[in-house]
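Trainee: I would like to work through a structure by question and answer. Please put the sequence and the model in front of us first.

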Amino acid sequence: MKRFKKSTWSFTLFGAILLSLSVPFISSCEKRDVVEKEYTVSFVTNCSTTIPDRIYNTKKKDEFVLPSSSDLFKFGHDFVGWCYDEPLLDLVDPNNIIITGDTTLYGKWAAGVYQISFETGTNEVIPNMDVAFNETVILPTPQPKTINGTDYLFKRWYFVADNSYHTNSFTLRYPENVHLVAEFDYYVYSSFKLNNDGTYQLNISKSSVTDISNLPLAYGTFSADITYSTYNTGVAGFIWNASLDKNTNAPWEAGSSYYLFHMNTRSGAVQLAHNNDGVYKPLQTKQLSQLTESFRTKYEEGKANATPTTFAFSVTFNAEVIEIKLDGETQLTFTESLPFYKGLGVGFRASDAGILYSNPR
């Protein structure tokens with residue numbers, strides 16, 4: 001009995017000593033694990049947006065959130081993420097952010113990618129092309145366009161959105177998809193010729209407009225109806241007070257002078273201009289939004305439904321004023337200095353087929 005009691009006492013004492021030694025050791029480890037530190041995280045956004053510094057707490061690191069793409073903006077670019085390094089090679093994993101001291105993070109961006117689509121006006125289909133913001137790409141060349149057995153070579157691409165023209169290349173300046181319309185190297189000029197019996201005869205020619213001076217008009221009013229059967233034809237309108245050198249093949253060449261009013265069938269915009277010895281000068285331009293409501297409605301409905309639409313064009317011309325009416329409503333008035341050309345020609349021009357002129361008066 002004595003031996004048993006002694007052994008029990010010795011074991012209990014030894015265990016108590018071990019326990020007392022181990023308790024401080026565990027407590028020390030726990031204290032070292034919960035040390036709280038705070039670091040400042042700064043952001044170089046590489047865009048116009050400024051992000052204030054944020055605090056990274058080692059004890060609350062799960063609560064730290066990086067600024068997202070919704071907090072940032074760079075024109076024409078998409079936000080890729082944050083990087084630990086200025087060369088933007090070491091990308092931060094948002095689910096495993098490593099911060100061991102005061103840190104600067106750098107915003108990484110990529111140019112947005114958009115698409116160019118092509119409208120040839122023929123049976124040829126050109127696939128869409130990817131283009132990055134501010135990137136310059138080489139544009140395709142469509143096959144010739146055949147009209148009434150005659151082949152017309154491709155001339156240029158027309159960018160509907162900003163009314164610009166492009167031949168071999170295109171640089172994306174706006175972060176949006178682009179639609180280009182092909183134009184071919186031909187112009188259709190039509191003129192009304194006054195016959196000896198007082199009737200009018202319609203003359204149509206592709207590049208020769210020598211008959212245009214057969215209809216006399218110095219000062220006065222001239223009107224006719226123009227029907228658009230398509231809204232991708234470019235421009236169509238009429239010219240007057242035309243003086244043409246008989247050796248000239250087209251009105252834009254040297255030796256020809258005239259006034260011109262036309263409508264852009266793609267956008268509905270109108271322009272008054274004059275050509276003096278082959279030098280073209282716009283006098284006044286109005287966008288569709290600046291024209292009368294009834295005209296805008298008629299144009300937009302015709303374009304939306306792709307149906308032939310007839311507009312009554314009228315020009316009143318004298319030494320003091322040029323007044324343009326569309327469907328009987330004054331759309332444009334010009335009263336500045338008006339040079340008078342000796343020619344008496346009146347005619348029409350269109351940059352593509354699909355325009356019908358009728359009822360001159």
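Trainee: Which residues in H2 are buried?
Mentor: H2 is named by a rule: helices (H or I, at least four residues) and strands (E, at least two) are DSSP runs, numbered from the N terminus. Buried means under 20% relative accessible area, exposed over 50%, and partly exposed in between (1.4 Å probe, protein chains only). In H2 the residues that count as buried are Phe 295, Tyr 299 and Gly 302.

Trainee: Where do they lie around the axis of H2?
Mentor: An α-helix has 3.6 residues a turn, so residues three or four places apart point the same way. The arc is that of the directions from the helix axis to the C-beta atoms. Phe 295, Tyr 299 and Gly 302 cover an arc of only 70° around the axis, which puts them on one and the same side of H2.

Trainee: What kind of model is this?
Mentor: Residues are numbered from 1 along each chain as its sequence is written, and side-chain values use heavy atoms, with hydrogens and water left out. Local features need pLDDT of at least 70, side-chain atom pairs count only at pLDDT 80 or more, totals for chains, interfaces and linings use all residues, and the model is predicted.

Trainee: Which exposed residues are on the face of H2 turned away from its buried side?
Mentor: H2 covers residues 293-305, and Ala 306, with a positive phi near 55°, follows it. The face turned away from the buried side of H2 carries Glu 293, Ala 304 and Asn 305.

Trainee: How far does H2 reach from its first C-alpha to its last?
Mentor: The expected span of a helix is 1.5 Å times one less than its number of residues. H2 has 13 residues, with an expected span of 18 Å. The reach in the model is close to that, at 18 Å.

Trainee: Which residues of the largest nonpolar core touch the most other members?
Mentor: A nonpolar core is a set of buried Ala, Val, Leu, Ile, Met, Phe, Trp, Tyr and Cys residues joined through side-chain atoms within 4.5 Å. The largest one has 25 residues. Those that touch the most other members are Tyr 228, Phe 261, Met 263, Phe 295, Phe 311, Phe 313 and Ile 322.

Trainee: Which elements give two or more residues to this core?
Mentor: One of them is the helix H2. The others are the strands E16 (220-228), E17 (235-244), E18 (256-264), E19 (270-276), E21 (309-317), E22 (322-326) and E23 (329-334).

Trainee: Which residue's ring has the charged end of Lys 298 over it?
Mentor: A charge sits over a ring if NZ of Lys or CZ of Arg is within 6 Å of the ring centre and within 35 degrees of the ring normal. Contact means heavy atoms within 4.5 Å, and Phe 311 touches residues including Phe 295, Lys 298 and Tyr 299. The charged end of Lys 298 is 5.0 Å from the centre of a ring, that of Phe 311.

Trainee: Is Leu 326 buried or exposed?
Mentor: Leu 326 is in strand E22. Leaving aside neighbours within four places in sequence, its contacts are Phe 261, Val 270, Phe 295, Ala 312, Phe 313 and Gln 331. At 0% relative accessibility, Leu 326 counts as buried.

Trainee: How are the rings of Tyr 56 and Phe 64 paired?
Mentor: Rings of Phe, Tyr and Trp (its six-membered ring) pair if their centres lie within 6.5 Å; planes under 30 degrees apart count as stacked, over 60 as edge-to-face and the rest as tilted. The structure holds 11 aromatic pairs. The rings of Tyr 56 and Phe 64 have centres 5.4 Å apart and planes at 70°, so this pair is edge-to-face.

Trainee: What about the pair of Tyr 158 and Tyr 165?
Mentor: Their ring centres are 5.0 Å apart and their planes are at 45°. By that angle, the pair is tilted.

Trainee: Which charged end sits over the ring of Tyr 165?
Mentor: Tyr 165 is partly exposed, with a relative accessible area of 37%, whereas Tyr 158 is buried at 0%. The charged end over the ring of Tyr 165 is 3.7 Å from the ring centre and belongs to Arg 156.

Trainee: How far apart in space are Phe 75 and Pro 175, C-alpha to C-alpha?
Mentor: Phe 75 lies in the loop between E2 and strand E3 (77-83). Not counting residues up to four places away in sequence, Phe 75 touches Phe 133, Arg 173 and Pro 175. Phe 75 and Pro 175 are 100 residues apart in sequence, but their separation in space is 7.5 Å.
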